[in-house]
Amino acid sequence: MKNLSILLFLSTTFAFGQYNTFYLSPSNPVINPGQSVNLAATGCAGSVSWSTGQIGTSITVFPTVTTKISANCSTSGVGQSNNEVIVEVRYCSGSTPENITVNSGLSGGTHVFEAKNSVTGTSFINANTNVHFKAGKGVALNTGFEAKPGSIFKATIEPCNDTSYLATRRVANKLNFPWEILWGPDNFIWMTERGGKVSRVNPQTGQITSLLTIPDVLVYGEGGLLGMVLHPDFSNNPYVYIVYNYGTTSAPEEKVVRYTYNGATLISPLIILDNILGSRNHNGSRLVITPDLKLFITTGDAENTSLPQDTTSINGKILRINLDGTIPADNPYAGSPVWSIGHRNPQGMVYANSKLYVSSHGASREDEINLIQKRGNYGWVNVEGPCDTPAEITFCNNNNVILPIFSSGGVTWAFCGLDYYNHSAYPAWQNNLLMVSLKNQTFYSFQLSNDGNSIVGQPTLYYNGQFGRLRDIAISPDGKVYICTSNGGNNDQLVEIKPMVN
Ligand SMILES: [Ca+2]
Ligand SMILES: [Ca+2]
Ligand SMILES: [Ca+2]
């Protein structure tokens, strides 16, 4: 048995009901590998049922996702809630999925269920019955899970074989299309949501503080409020740069606006760059500020394939401007913000190793990661991925097209948010690009070469399909990674990925 891991926490908030007070014990257990914990409800004169939220009928603990379980004490048919147990399941790499199902109506004695991947099913625990789950990647519990008095739910931790592993925890949910998440100098996660809201999220509690809803955001297709970046010297220059669509659906545009953070809200909007063509799709819109205080902006082709190769258009480009919106004197096209051309819909960008890396969506194949060079031509619409058709080879030879450092080949994964990891907290990711994707709903790590000029081998894939579509990444100074989903329906999540060591 390997790769087992569950962390159980109890919240410190207790509800006091009309009939009697009950407690969960132990309170706030921290379970280390090799240890176990028994969960019990004390002080309940009736039966205790364990449930999720208010529904009270099902518990599903997905592998690697934090799930809250609430306990309900029922006395003479009157329910009393609601202490809360948070189950955090860690992810061990290399575990072989092996799932088992637990039948209902467990009675008497101690029942132990072990699986490398998950334990699923129904469990009705009768009086004086102990149920003991052991699992690798996670435990999934379904339905009633009613523990009669004297019963014990027991979760045992056993060490992963890995020297380090990843635990995930849901920080916040009920978000709606979060688009940019970044770690702020205040140790909060700053977040945009496509509908127009800018917020700060407390990464410990998940509490969301809304700063402003941008008034003139045009929400249209994949467009809306998109990228954001903070001034690198934020204490002296509390500037928040955002990029969003505006105008009308018949003539959508996009602009970069600088707001000032006054400690409570965003004030004094100043247009930095406007009249970028927008569209229903293909709006680009990642922002990066480099240490020499230049603002890089990705723009999409706005679904007009004549624009990316046109150096007089600012669409389908990587743009570079000063923080006040003026054009740097050393830009490659005099008086123009254009820095590189031939991009389709770049939705990820990070500056690391003194290099600018950009991820971009292909049309139906060849999603790309590119290393951006001044005046570089990245090929779109004439070239997808490598130069490997006769027409592409001709175009590449005539136009010095720069090839991607990674391409998805004959499929599209819908590459999105991109970040750079080099923290000792997770050695396997040192000098790695981290990326998330929409269509194939995966988190990736790409090992960079020592000089940062290439990607070594194939990416490692994590959490495939577990959270749905993934939009963006943020990294904390202590080496934790945050990702946000892009599923909509006011049900998006912000998830923490925490490296841990056995
Ligand atoms: Ca980000
Ligand atoms: Ca290309
Ligand atoms: Ca090609």
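The following exchange goes through the fold of this predicted model.

Colleague: How many helices and strands does the protein chain have?
Modeller: The protein chain runs to 502 residues, of which 46% count as buried. Its secondary structure, as assigned in the predicted model, comprises one helix and 36 strands.

Colleague: Is helix α1 largely in the open or enclosed?
Modeller: Helix α1 covers residues 390-399, and just after α1 comes Asn400, with a positive phi of about 50 degrees. Of the 10 residues in this helix the number buried is zero, so α1 lies largely in the open.

Colleague: Why is strand β35 largely enclosed by the rest of the structure?
Modeller: On one side of β35 stand Val481, Ile483 and Thr485, and on the other Tyr482 and Cys484, with both faces covered. The strand is therefore largely enclosed because the number of its residues that are buried is five of the five.

Colleague: Which residue of β35 is the bridge partner of Asp472?
Modeller: Strand β34, residues 470-475, pairs with β35 in the antiparallel sense over five bridges. The two form a hairpin with five residues between them, and Gly479 in the turn has a positive phi of about 90 degrees. Within β35, the bridge partner of Asp472 is Cys484.

Colleague: Which strand gives the largest share of the largest nonpolar core?
Modeller: The largest nonpolar core holds 94 residues, and those with the most contacts inside it include Tyr241, Ile242 and Ile483. Ile483, leaving aside neighbours within four places in sequence, is in contact with residues including Val436, Phe443 and Leu470. The largest share of this core, seven residues, comes from residues 239-248, that is, strand β19.

Definitions and conventions
Residues are numbered from 1 along each chain as its sequence is written. Chains are lettered from A and ligands numbered from 1 in the order in which they are written. This is a predicted model: local features need pLDDT of at least 70, side-chain atom pairs count only at pLDDT 80 or more; totals for chains, interfaces and linings use all residues. A residue is buried if 20 or more other C-beta atoms lie within 10 Å of its own, exposed if 12 or fewer, and partly exposed in between; C-beta atoms are placed from the backbone. Helices (H or I, at least four residues) and strands (E, at least two) are DSSP runs, numbered from the N terminus. A nonpolar core is a set of buried Ala, Val, Leu, Ile, Met, Phe, Trp, Tyr and Cys residues joined through C-beta atoms within 7 Å. Two residues are in contact if their C-beta atoms, placed from the backbone, lie within 7 Å. Two strands pair if DSSP finds at least two bridges between them.
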